[in-house]
Amino acid sequence: QEQLVESGGGLVQAGGSLRLSCAASRRTFSGNTMGWFRQAPGKEREFVAGISSNGGLYYVDSVKGRFTISRDNAKNTVALQMNSLKPEDTAVYYCVAKRLGPITSAQYAYWGQGTQVTVSS
């Protein structure tokens, strides 16, 4: 069974930074688009950022200029560097792999268990 293991969530004050990491198996990672979604209480799951196998970058407008997604093809990991965090960034963040539809849709074959990010005002 393929797994995505996230780490790096936590509590931070507004304006602070966090770095999320996601470790995948080589089979899950290699040649696949990787990304991050988030879901806040009472809201729908939302695309945050994605990176294709050849390094193409995609972000939701609300995080552009603040978040950076990257991948390490040697280590089969993807990271999300989050700077200038805002209370509205509070959510459970999910790592995803292998898109089955448009990169911003929730059509991915593999999902992590989620990691909580809480930004206090």
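Which residue forms a salt bridge with R66, and how far apart are the closest N and O atoms? I would like to begin there, keeping in mind that what we are looking at is a predicted model. The partner of R66 is D89, and the closest N and O atoms of that salt bridge are 2.8 Å apart. The pair links distant parts of the chain, since R66 sits in the loop between β6 (57–59) and β7 (67–72) while D89 sits in the loop between β8 (77–82) and β9 (91–99), with 23 residues separating them.

Let me stay with R66 for a moment. Its relative accessible area is 10%, and because the cut-off for buried is under 20%, R66 counts as buried; D89 is buried as well. Besides the contact with the side chain of D89, a polar atom of the R66 side chain lies 2.9 Å from the backbone oxygen of S62. If we leave aside residues up to four places away in sequence, R66 touches Q81, M82, N83, S84, L85, K86 and D89.

The search for salt bridges gives four in total, and R66 and D89 belong to a network of them that also takes in R38 and E46. Within that network, the side chains of E46 and R38 meet with an N to O distance of 2.7 Å; here R38 is buried at 6% relative accessibility, whereas E46 is partly exposed at 29%. Another of the salt bridges joins K64 and D61 at 3.0 Å, N to O, and in that case K64 is partly exposed, with a relative accessible area of 48%, while D61 is exposed at 61%.

Now to the strands, beginning with β7, which follows the loop that holds R66. Along β7 the side chains of F67, I69 and R71 point to one face and are buried, while those of T68, S70 and D72 point to the other face and are not. In a regular strand, side chains do alternate between the two faces of the sheet. β7 pairs with β8 in the antiparallel sense over six bridges, and one of the residues involved is S70, whose bridge partner in β8 is A79. The two strands form a hairpin with four residues between them, and N76, in the turn, has a positive phi of about 60°. R71, on the buried face of β7, has its charged end over the ring of F29, 4.3 Å from the ring centre.

At the other end of the numbering, strand β1 (residues 4–7) has L4 and E6 on its covered face and V5 and S7 on the uncovered one. β1 runs antiparallel to β3 (residues 18–24), joined by four bridges, and L4 stands opposite A24.

Finally, the aromatic residues. The whole structure holds four aromatic pairs. In one of them, the ring centres of F37 and F47 are 5.6 Å apart and the planes are at 75°, so the pair is edge-to-face; F37 lies in β4 (residues 34–39) and F47 in β5 (residues 46–51), 10 residues apart, and both are buried. F37 also forms a tilted pair with W111, at 5.2 Å centre to centre and 50° between the planes. Because F37 lies in β4 and W111 in β10 (residues 108–111), this pair ties together parts that are 74 residues apart in sequence. F37 has a relative accessibility of 1%, whereas W111 is partly exposed at 28%. Ring pairs link F37, F47, Y94, Y108 and W111 into a cluster, and the charged end of R45 sits over the ring of Y94, 4.2 Å from its centre.

Notes. Residues numbered from 1 in each chain as written. Predicted model: local features only at pLDDT ≥ 70, side-chain atom pairs only at ≥ 80, totals over all residues. Heavy atoms only, no water. Buried < 20%, exposed > 50% of the residue type's maximum accessible area, 1.4 Å probe, protein only. Polar contact = N/O pair within 3.5 Å; in protein donor to acceptor, adjacent residues only side chain to side chain. Contact = heavy atoms within 4.5 Å. Pairing = 2+ DSSP bridges. Phe/Tyr/Trp six-rings, centres within 6.5 Å; stacked < 30°, edge-to-face > 60°. Lys NZ or Arg CZ within 6 Å of the ring centre and 35° of its normal.
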